[in-house]
Amino acid sequence: MDKVRIALIGNPNVGKSTVFNALTGSNQQTGNWAGKTVERRSGLAHKEGLVIELVDLPGTYSFTAYSQEEVITRDYILRDKPDAVLAIVDAANIERNLYLVLQLLEMTSKVVIGLNMLDLARSTGVDIKAHELSRILRVPVVEIVAAKGQGLDKLLQAAVKVGHSDALKSLSIPYPPELEEKIQRMEEVLKNTGLAKRYPLRWLAIKRLEQDPEIGQEWEVRAVVPVQAHADACCSTGNAVSYDLKSTEDLPGDVLLSELAQAGWGQEEMEMAFADAKYQYINQILPVFKSQVHSGLNLTEKLDQWVLSPIWGYPILTGIVFLAFWVSFILSAPLGDLVSQGMSGLAELVVGVMQGLSIPEVWQSLVRDGMFAGVGAVLAFVPQIAIFFVLYYFLQDSGYLARAAFLGDRFMQMLGLHGKSFFSLISSYGCNVPGIMATRTLEDPKDRLVTILINPLIPCVPRLGVMSAVTAAFFPGGQGALVLVSLLTISILLVMFSALFLRRAVGQTERSAFVMELPLYHLPTWRNILQLAWVRTYSFLKRAWTFILAASVIVWVLSSFPQGVPMNESWAGTMGSWLEGIGRPLGFDWRIMVAIVFGFTAKETTLSTLGILYGVAANASQSIARAMTTAMTGLGAYTFLVVYMLYIPCLATVVTTYKESGSLRWTAFGVAYNLLLSFAVGWLVVQGGHLLGLH
Amino acid sequence: MTTLMDVKTGRKAVVAGIEGSGALRRRMLDMGIVPGVELEVMRQAPWGGPIQLRLRGYYLAMRRSECAQIAVAERI
């Protein structure tokens with residue numbers, strides 16, 4: 001069968017993923033771009049006997065060598081040469097979107113434009129004539145409404161047609177004479193070199209004039225971590241690979257460049273001149289296809305008057321955050337209970353069958369107290385995780401999260417963090433793994449490292465769930481709410497302290513930056529949101545039958561053998577007695593220490609571990625916490641909560657930290673930092689509590 | 001030099017040039033901040049927070065320190 005390869009490009013927030021999801025459905029594969037921490041998504045579509053491979057390239061504003069996403073996108077277009085490139089364009093923001101399209105047209109002529117969000121554009125009073133745009137750019141332009149799936153068939157057809165045809169004579173952007181002259185001189189220098197065989201000559205000449213550092217570099221991909229299915233417990237990110245610079249070609253044209261630099265045309269002047277010329281050209285052609293039907297306040301401006309208002313902005317932000325957490329935790333509680341009950345019912349059923357088959361009691365206990373109890377305690381968090389991420393992606397897709405970052409940036413700036421760190425830290429409240437992965441959008445490697453290292457201090461949904469169960473048992477009523485608020489405050493204070501401290505530790509001296517688009521508000525499509533939330537939830541689910549099942553069985557074995565002895569003489573008890581010394585200054589008994597050690601596999605197992613060690617039915621979190629009240633004082637419980645919240649989040653987070661930072665040293669540093677910080681703060685709480693006469 | 005920092009909320013200005021170098025400057029160019037383009041200062045986040053701009057029919061948020069790199073000629 002004939003196969004066509006089509007790449008999707010576009011600015012961020014233009015509905016590119018919506019198009020991709022609608023065209024490929026469930027036929028998708030996610031992985032990483034070789035050697036880069038940028039997600040690679042590809043999928044298959046079938047049409048009229050054709051197999052169409054769609055590759056979703058990262059959303060970018062440009063094709064420079066300054067960010068990983070942009071290098072990947074242009075490398076794919078230039079080196080892998082897809083049959084056609086689909087450029088998704090936001091009609092409401094046509095000027096800036098065309099800037100990317102013009103750059104694309106310098107790389108390939110096999111382009112089809114999908115003109116999206118024309119409805120949104122019309123609501124702001126702008127109309128775009130697709131046929132005029134097509135005539136000027138000499139490529140097909142198809143009107144689509146990606147959210148409703150309209151026009152996508154036509155779009156795909158046009159792309160296939162372009163894919164089958166030979167390269168067309170493409171539009172060559174007319175630059176001002178003083179630039180044209182320089183391009184031609186550079187083309188003369190380059191035309192007989194090996195580089196000219198690999199790249200379009202005009203594009204190459206322009207990039208050389210801009211002194212693009214990536215041209216002429218050959219990279220070698222080398223896998224450092226072998227493929228391990230379970231190494232990837234939370235979220236599939238592909239394999240860690242290192243990307244080594246193999247060789248840098250000596251580029252021709254240095255003589256010309258230094259001559260130009262002396263005449264006042266250095267790299268900065270060139271970059272500015274080419275960006276300027278492209279925008280000039282867009283302004284020149286704009287009146288042909290764009291018309292302003294009416295003007296006035298659009299929906300986005302009306303909403304922003306409230307949402308970004310200095311008076312109302314923060315109460316609205318607080319309200320939305322509060323609502324999001326209320327829905328994820330309180331409203332989802334009955335669902336979690338339902339899962340717990342279902343699991344214990346299922347356990348009874350299985351054990352009943354085992355009794356019928358007269359399977360020995362030990363095995364029955366393994367199934368009931370080991371497997372079902374452990375996995376059940378974790379599955380109870382699934383509704384919370386799912387709901388949290390549905391809300392998170394809703395806020396992100398609708399355009400609100402960018403506003404929240406705008407309002408919260410003062411705070412980020414105070415901590416020396418990059419504006420985009422905000423997104424990473426917020427999604428860490430759902431799960432630290434996607435939070436750490438979200439740092440990929442940060443361009444500066446040191447900014448990234450700092451953000452990766454502070455992420456684990458943010459308590460994720462499962463941790464917050466365990467914390468609220470323990471809190472409810474020890475501090476009933478209004479006191480409990482106060483305790484939780486104080487814990488969250490401690491975590492935020494430590495995030496602040498750590499951000500400032502880690503900037504020093506990492507040696508970051510660069511000033512952090514924040515240049516961010518505030519997209520128009522729009523109603524997200526459920527399909528997109530559910531798909532994104534499902535990816536996060538699924539990886540959490542996958543953990544339940546890998547890590548957590550294994551950890552639960554191990555805890556059960558350690559606490560059940562040797563058989564017939566009291567719990568504190570079991571293997572777990574022996575292990576606990578070794579650890580008791582470390583826990584004593586904090587007032588932790590051996591059970592807590594064992595639970596802390598096992599919590600490392602996945603923090604949500606802590607409750608079920610304690611359940612097994614205290615000998616209560618482990619799938620009812622309330623009863624476990626209640627069993628703890630007999631063994632601990634209020635101060636002890638508070639200390640436990642603090643340490644629990646702060647120590648190494650879980651194995652999946654550590655693995656992700658390693659993959660994303662690519663450094664064993666910094667991963668080890670992060671683990672040690674979390675351990676020391678949690679025990680130090682715990683010790684301070686105990687001492688402070690004693691001073692205040694608490695116990 | 002008058003920079004974008006000096007432009008009051010609700011006012012418009014025309015870009016004259018961008019100071020600085022490297023990735024940040026290039027990002028601003030790519031976002032359409034080139035000489036001659038008209039920017040409108042929409043609002044400023046409180047306590048020295050970022051500034052919201054409108055240019056080329058879209059909205060952009062930038063920190064004040066970035067705005068200080070953009071030389072402008074003010075327009076009424």
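Visitor: Why is B:Leu4 called buried?

Guide: Buried means under 20% relative accessible area, exposed over 50%, and partly exposed in between, using a 1.4 Å probe and protein chains only. B:Leu4 has 1%, so buried is the word. Keep in mind that this is a predicted model: local features need pLDDT of at least 70, side-chain atom pairs count only at pLDDT 80 or more, and totals for chains, interfaces and linings use all residues. Residues are numbered from 1 along each chain as its sequence is written, chains are lettered from A and ligands numbered from 1 in the order in which they are written, and side-chain values use heavy atoms, with hydrogens and water left out.

Visitor: What is B:Leu4 in contact with, leaving aside its neighbours within four places in sequence?

Guide: Contact means heavy atoms within 4.5 Å. By that test the partners of B:Leu4 include B:Leu39, B:Val41, B:Met62 and B:Ile70. The C-alpha of B:Leu4 also sits 6.3 Å from that of B:Ala71, 67 residues along the chain. B:Leu4 itself belongs to the segment before strand 1 (12–18) of chain B.

Visitor: How do you know that chain B is as compact as a globular protein of its length?

Guide: Take the radius of gyration over C-alpha atoms and set it against the globule rule, 2.2 Å times the number of residues to the power 0.38. Chain B comes out at 11 Å, close to the 11 Å that the rule gives for 76 residues, so the description holds. As for its make-up, chain B has two helices and five strands; helices (H or I, at least four residues) and strands (E, at least two) are DSSP runs, numbered from the N terminus. Of its 76 residues, 61% count as buried.

Visitor: Over in chain A, what makes A:Phe325 and A:Tyr429 an edge-to-face pair?

Guide: Rings of Phe, Tyr and Trp (its six-membered ring) pair if their centres lie within 6.5 Å; planes under 30 degrees apart are stacked, over 60 edge-to-face, the rest tilted. A:Phe325 and A:Tyr429 are 5.7 Å centre to centre with 90° between the planes, which fits edge-to-face. A:Phe325 is in helix 13 (residues 313–331) and A:Tyr429 in the loop between helix 18 (421–428) and helix 19 (432–437), so the pair ties together parts 104 residues apart in sequence. A:Tyr429 is buried at 14%, while A:Phe325, at 23%, counts as partly exposed.

Visitor: And why is the pair of A:Phe497 and A:Phe501 called stacked?

Guide: Their centres are 6.1 Å apart and their planes differ by 5°, inside the stacked range. Both sit in helix 22 (residues 478–506) of chain A, four residues apart, so about one helical turn separates them.

Visitor: How do you know that helix 22 of chain A spans close to what is expected?

Guide: The expected span is 1.5 Å times one less than the number of residues. With 29 residues, helix 22 reaches 41 Å from its first C-alpha to its last, close to the expected 42 Å. Its buried residues pack against helix 20 (445–454), helix 21 (461–474), helix 28 (634–646) and helix 30 (664–691) of chain A.

Visitor: What makes A:Lys182 a charge over the ring of A:Trp265?

Guide: The test is NZ of Lys or CZ of Arg within 6 Å of the ring centre and within 35 degrees of the ring normal. A:Lys182 lies over the face of A:Trp265 at 4.2 Å from the ring centre.
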